[in-house]
Amino acid sequence: MTLLHPAILLGLGLAAIPVILHLLLRQKPKKLLFPALRLIQNRRKQNVRRMRIRHLLLLLLRIAIIALFVFAIARPSVPAADYTPSLSETLTFLGIVLFAVAAYYVLSHLWRSSEMPAHAVQTRQTNLRGRLVAAAVLLTLLAVLWPYQRRVAAELKSPTPAGDISLPVAGVFLFDTSLSMEYQQESKTRLDVAREIALTHLSDLPSGSRVAVADVGNDHPILFQSTLAGAKTRIEALELRAVRIPLNDRIRAAVRLHEDDRKRTLAEQGAVAEDQRTDRYLRRVYVLTDMSRSAWRVGGTSRLAADLERLKSVNVFIIDVGESNPPNTAITRVAPLRPRVTSGGNAFIRATVTGVGRTEEEQIVELLMDEGTGRLMKADQQSIPLADDAPQIVEFGPLPMNGGPIVHGQVQLVSSDPLPFDDVRYFTLQVRPPIRILSIPANIEDADEWNLALKVEGYEPKTIRPENLSRETLSEYEVVCLINVPSLKDEEWFKLGQFVQQGGGLGVFLGSREIKSFNYARDEPQAFLPGLPQVHTSSKSGVQFLRVTNEQHPVMQAMAEEDLIGLIESIDIMRYWRVEPTEGAAVIAEYNDDRHTPALLERMHGQGRVMMFTTAVDLKGHQWEWNLLPSPSGPVFTFLAFADEMVRHLAQDSDVHLTYDAGEQPVLRLEAADEPQAFLLQQPEFRQARLTLPAGETLLRIPDADEIGAYILKQQAEDGATISGFSVNPPASESDFTRASVEELDTIIGEGRYQLAQSIGELQENINIADLGRELFPLILVVVVLIFCGEHFMANWFYDDEPGTSPSDVSWESKMPESRPQPVLEAT
């Protein structure tokens, strides 16, 4: 225990005042003549005995009142712990009190009901009160106070704080500036509330204090401001950011700042012995956040807790400025079904809308698009039912795409709510000419079903025989398909390899018994093929099925969005080639035979890719010879989708990603050039940036694209033609108001190593507990009030008539005021 004002304990000398007054005003005997002396003397002895006991108790109570008042003003404190009595301790104490009171009144009632004389009843009541009080005190010590002190002693985590509030403060104000802090209540955002609390507390800091201001929007080093006025200006200038760093990391940075600053402070005391050097500051970290779980890195080991356990002089105060269960409607995801669309084709936009705590039964969702005019025009609108916490999928389309090359758009809610940023999300589409495809079948009819599927999907494939490959300019195509080709010359394999290395896509289909496996095993094709055909085989049971092994592959992901995985896995496969994967190849699907033979493989080569399908994509006039995938009696739509997604993946359309979340780095694929290319990036809020793509490079990486909205990439020339573009959205987690639990904070920061407050008053109380310990001032005042009430009760108890006695039975002493001399009866 420590005392904030120990000198005040000198006031304990005032406790002698009741003793002095008692001695000065002590009653003096007064001689009176009265008959029946013997009877009165016996009664007097009994009253004097009782009065002496009561006088002593009254004197002790009055001394205790003065002593406790002095002790309370000295402001004693004890180490931080849970000093609140537990439920079992409270119930036990109340049970003891009730038992004592009930026993007293029951026994008193029994004695009064008997023929016992009144003075005997009074004597027994007096003895009973003393014994019951002694028994209650003893039981309270054993059953309540003993378990209480053991529990509190076990909870003490650290010694009593130093208790010096005159020391200046070295504080770090860490603000959660994520977009969830934009939530408005009573026309104030959560950041506004945090700013008010910080500024109010800043003005109350002692003279000589130092303050650093940081946020989660960047990982810049945290430094102390030169003046408190500079810290105030920094706090007032804080803005919300779409990108955030976990609070764990920023608190660790603040703790490291304190550690380094404390070392410098101690090192400056060179003339003092090392073991006697003291820190000149009270060190604190203030974390102002809405307590969203997404602001923390939850799970795994916490290095922050280890740092704080090592640096016990740093206190962490978390100020919760969030709302409990706030209502909100959010668009949490917007994505084109295909970010790259063929000119003249149709686009489909899919959005996810989530409502929490909302009372509206329906929400109106709008789609706006800009196809190159520079203005957003309303393209569609839908009204959807919205149930609490149940995401609703909204799909817009088909939307004809005739503009380009870049189309920006946004999906937005018509109505508004307290969190504006998630009422709208942005997307970008790229409009391109149809994919140029070259089909090379062993026989022209082998490509009929494949080319038909491509034409249905809007492509115009060109077909040539294998012997014409050497005369074809492959750079004019984006995708080449080898269908049942038995063999090729080395120079033809080399030509295909060069085509793939320069960014082309090659599809190889093994659906013929005429394929020469030794030709595919030569060095030229094995340099880029994903598999080596060994032998064609048929299912012993007559039918095999595909099993997708990589559902994250773009082809399978696209088919999964259309619920086609189950259909493709149910197609009958009667014959296929057994293939050995080459080095660097990935298996996307396999057969369900004993060998788990690969069915669909992929291998990257240079800037392009090769895919191999080890069964047929044609019928050959024998429907049941290889499989039912291209059969009219099979799942035709599955074959169309498979052909479309495979061609798009080979043409690298599936790699196009034009809608990003803040914090992700956008990457744009452009045409390579022999000279460095200069571009101008138009950003939201009318800002611009200059970018350069080195010669021969095709991938342009965009730095620091953290602003929410649409971006346009133009050539840095007079005409400024639009080349590409993309959109940036806030992370969907910013709309999730799930709060971090106490258990999670205990894991992250350490149990007992932080204080949680929701107002400036609670913050100041927590600071007092952390710096001074838990003060006993309120508890002592409660005890003083109870003792004062007891003193008042006992002082008035002297002058009450005893029950069952007549006024003539009461001694004069009991009727005389305490301040007057009491008469003493003597014989004449």
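Select Glu 645 to begin: at 5% relative accessibility it counts as buried, where buried means under 20% relative accessible area, exposed over 50%, and partly exposed in between (1.4 Å probe, protein chains only). Now add Arg 338, whose side chain meets that of Glu 645 in a salt bridge (3.0 Å, N to O). A salt bridge here is a side-chain nitrogen of Lys or Arg within 4 Å of a carboxyl oxygen of Asp or Glu. Glu 645 sits in helix α15 and Arg 338 in the loop between β10 (328–336) and β11 (340–342), so the pair ties together parts that are 307 residues apart in sequence. Arg 338 is partly exposed, with a relative accessible area of 26%. Side chains of opposite charge can pair when their charged atoms come close.

A word on what is on your screen: this is a predicted model, in which local features need pLDDT of at least 70 and side-chain atom pairs count only at pLDDT 80 or more, while totals for chains, interfaces and linings use all residues. Residues are numbered from 1 along each chain as its sequence is written, and side-chain values use heavy atoms, with hydrogens and water left out.

**The whole protein**

Zoom out and show the cartoon. The protein has 19 helices and 37 strands; helices (H or I, at least four residues) and strands (E, at least two) are DSSP runs, numbered from the N terminus. Of its 828 residues, 46% count as buried. The protein exposes about 41,800 Å², and carbon and sulfur atoms supply 55% of that. Such accessible areas come from the Shrake-Rupley method with a 1.4 Å probe, and for residues only the protein chains shown count as cover. Among contacts with a separation of 6 or more, 74% are between residues 24 or more positions apart; a contact means heavy atoms within 4.5 Å.

**Into the core**

Next, select Trp 450 and Leu 600. These two have the most contacts inside the largest nonpolar core, which has 42 residues. A nonpolar core is a set of buried Ala, Val, Leu, Ile, Met, Phe, Trp, Tyr and Cys residues joined through side-chain atoms within 4.5 Å. Colour helix α15 (residues 636–650) as well, since it gives the most to this core, with 8 residues. Which residues does Trp 450 touch, not counting residues up to four places away in sequence? They are Ser 439, Cys 481, Ile 483, Phe 509, Val 617, Phe 639, Ala 643, Met 646 and Val 647. Another core, of 31 residues, lies apart from this one, and Leu 308, Leu 311, Val 316 and Ala 740 are among its members.

**A loop and its partners**

Now pick Ala 442, in the loop between β18 (437–441) and α9 (448–456). Is Ala 442 buried or exposed? At 13% relative accessibility, Ala 442 counts as buried. Add Asn 484: its C-alpha atom is 5.5 Å from that of Ala 442, although the two are 42 residues apart along the chain. Leaving out residues up to four places away in sequence, Ala 442 touches Arg 465, Pro 466, Ile 483, Asn 484, Val 485 and Pro 486.

**More salt bridges**

A search of the whole structure finds 36 salt bridges. For one of them, select Asp 215 and Arg 234, whose side chains meet at 3.3 Å, N to O. Asp 215 lies in strand β7 (residues 210–215) and Arg 234 in helix α6 (residues 228–236), so this pair ties together parts that are 19 residues apart in sequence. Asp 215 counts as buried at 6% relative accessibility, whereas Arg 234 is partly exposed at 28%. Then highlight Arg 210, Asp 261, Arg 262, Arg 264, Asp 279 and Arg 283, which are linked in a network of salt bridges.

**Last stop: helix α3**

Finish with Leu 94 in helix α3 (residues 87–113). Leu 94 is partly exposed, with a relative accessible area of 44%. Together with Leu 87, Leu 91, Phe 93, Val 97, Leu 98, Val 101 and Tyr 105, Leu 94 forms a nonpolar patch on the surface, with about 810 Å² of accessible area together. Patches are made of residues with over 30% relative accessible area and no salt bridge: like charges are joined within 9 Å, nonpolar side chains (Val, Leu, Ile, Met, Phe, Trp, Tyr) within 5 Å. For the buried residues of α3, select Glu 89, Ile 96, Ala 100, Ala 103, Tyr 104, Ser 108 and Trp 111.
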